[in-house]
Amino acid sequence: MVENPWTPAHQAVESSDYAELTRLLDEGADVNEVCCGMTLLEHAIDLEGDSALQSGTPIDSRLTVILLAYGAAPRPHPPGRMSAVDLADYYGHDIAYRLIDRLTSAAASRPRSGLWPWKRSRKD
């Protein structure tokens with residue numbers, strides 16, 4: 001049997017369990033915890049973006065909004081990995097990108113790559 005590598009908060013993100021994530025954060029879970037090399041915010045943006053890309057549906061930003069509301073701080077670009085801002089840009093996750101931009105100067109200080117312009121122009 002394979003052991004689950006996720007912390008309870010990361011499992012809530014992975015399962016898109018908004019109520020459980022909120023409960024864990026209310027009970028003191030670290031909103032900036034790192035598990036398997038990803039912060040909760042990076043995990044949420046990656047999950048939301050990849051899910052939308054695979055399903056062809058609009059990006060559901062609820063996990064990102066919950067984490068930012070609880071004070072998640074986007075980390076600077078980690079060596080060899082994509083930051084929360086990079087992931088938002090990569091997936092065309094405009095809501096996450098704009099929210100991070102409004103809360104920090106991380107997004108404003110770098111140009112967007114436009115890797116997925118079709119996602120931003122698609123009518124939802």
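How many of the eight residues of α5 are buried? Seven of them are, so that this helix is mostly covered, and the description that follows, which rests on a predicted model, returns to that helix after an outline of the whole chain. The protein chain has seven helices and two strands, and of its 124 residues 39% are buried.

**Overall layout**

- Read from the N terminus on, the elements of the protein chain follow the order α-α-β-β-α-α-α-α-α, with the two strands placed after the second helix and ahead of the third.
- Among the contacts between residues at least 6 apart in sequence, 66% join residues that are at least 24 apart.
- The protein chain has an accessible surface of about 6,800 Å², and carbon and sulfur atoms account for 56% of that surface.

**Helices α3 and α5**

- Two packed helices are described by the angle between their axes and the distance between the axes.
- For helix α3, which covers residues 40-55, and helix α5, which covers residues 84-91, the axes come within 9 Å and cross at roughly 10 degrees.
- Angles under 35 degrees count as roughly parallel, and α3 and α5 are therefore roughly parallel to each other.
- On the α3 side of this pair the residues that meet α5 are Leu41, Glu42, Ile45, Asp46, Gly49, Asp50 and Leu53, while on the α5 side they are Ala84, Leu87, Ala88 and Tyr91.
- The buried residues of α5 are Ala84, Val85, Asp86, Leu87, Ala88, Asp89 and Tyr91, a list that includes the four residues meeting α3, namely Ala84, Leu87, Ala88 and Tyr91.
- Just after α5 comes Gly92, which takes a positive phi of about 65 degrees.

**Helix α4 and what surrounds it**

- Helix α4 spans residues 62-69, and within it Leu63, Thr64, Ile66, Leu67 and Leu68 are buried.
- These buried residues of α4 pack against α1, α2 (18-26), α3 and α6.
- α4 is followed by Gly71, whose phi is positive and lies near 95 degrees.

**His10 and its surroundings**

- His10 has its place in helix α1, which covers residues 8-14, and with a relative accessible area of 0% this histidine is buried.
- The side chain of His10 reaches the backbone oxygen of Met38 at 3.3 Å.
- Not counting residues up to four places away in sequence, His10 touches Glu33, Val34, Cys35, Met38, Thr39, Leu40 and His43.

**Cysteines and the loop between the strands**

- The structure holds zero disulfides.
- Cys35 is in no disulfide, and the nearest cysteine sulfur, which belongs to Cys36, is 3.8 Å away.
- Why do Cys35 and Cys36 not form a bond? The sulfur of Cys36 is 3.8 Å from that of Cys35, the closest cysteine sulfur, and this is too far for a bond, given that a disulfide requires the two sulfur atoms to be within 2.5 Å.
- Cys35 has a relative accessibility of 8% and therefore counts as buried, the cut-off for that class being under 20%.
- Cys36 has its place in the loop between β1 (34-35) and β2 (38-39).

**Positive phi outside glycine**

- Most residues other than glycine have a negative phi.
- Cys36 is not a glycine, yet has a positive phi of about 55 degrees.
- Ser16, which is not a glycine either, also has a positive phi of about 55 degrees; this serine is found in the loop between α1 and α2 and, at 28% relative accessibility, counts as partly exposed.

**Met82 and Asp101**

- Met82 has its place in the loop between α4 and α5, and at 35% relative accessibility this methionine counts as partly exposed.
- Leaving aside neighbours within four places in sequence, Met82 is in contact with Glu42, His77, Leu87 and Tyr90; of these, Glu42 and Leu87 are also among the residues through which α3 and α5 meet.
- The C-alpha atoms of Met82 and Met38 are separated by 9.5 Å, although the two residues are 44 residues apart along the chain.
- Asp101 is found in helix α6, which covers residues 94-103, and counts as partly exposed at 31% relative accessibility.
- The C-alpha atoms of Asp101 and Val85, which are 16 residues apart along the chain, are separated by 8.6 Å, and Val85 is one of the buried residues of α5.

Key: Residues numbered from 1 in each chain as written. Predicted model: local features only at pLDDT ≥ 70, side-chain atom pairs only at ≥ 80, totals over all residues. Heavy atoms only, no water. Buried < 20%, exposed > 50% of the residue type's maximum accessible area, 1.4 Å probe, protein only. Contact = heavy atoms within 4.5 Å. Areas by Shrake-Rupley, 256 points an atom, 1.4 Å probe, with all protein chains shown as cover. Polar contact = N/O pair within 3.5 Å; in protein donor to acceptor, adjacent residues only side chain to side chain. Axes fitted to C-alpha atoms, helices over the stretch in contact; angles between N-to-C directions. Parallel < 35°, antiparallel > 145°, perpendicular 65-115°, else oblique.
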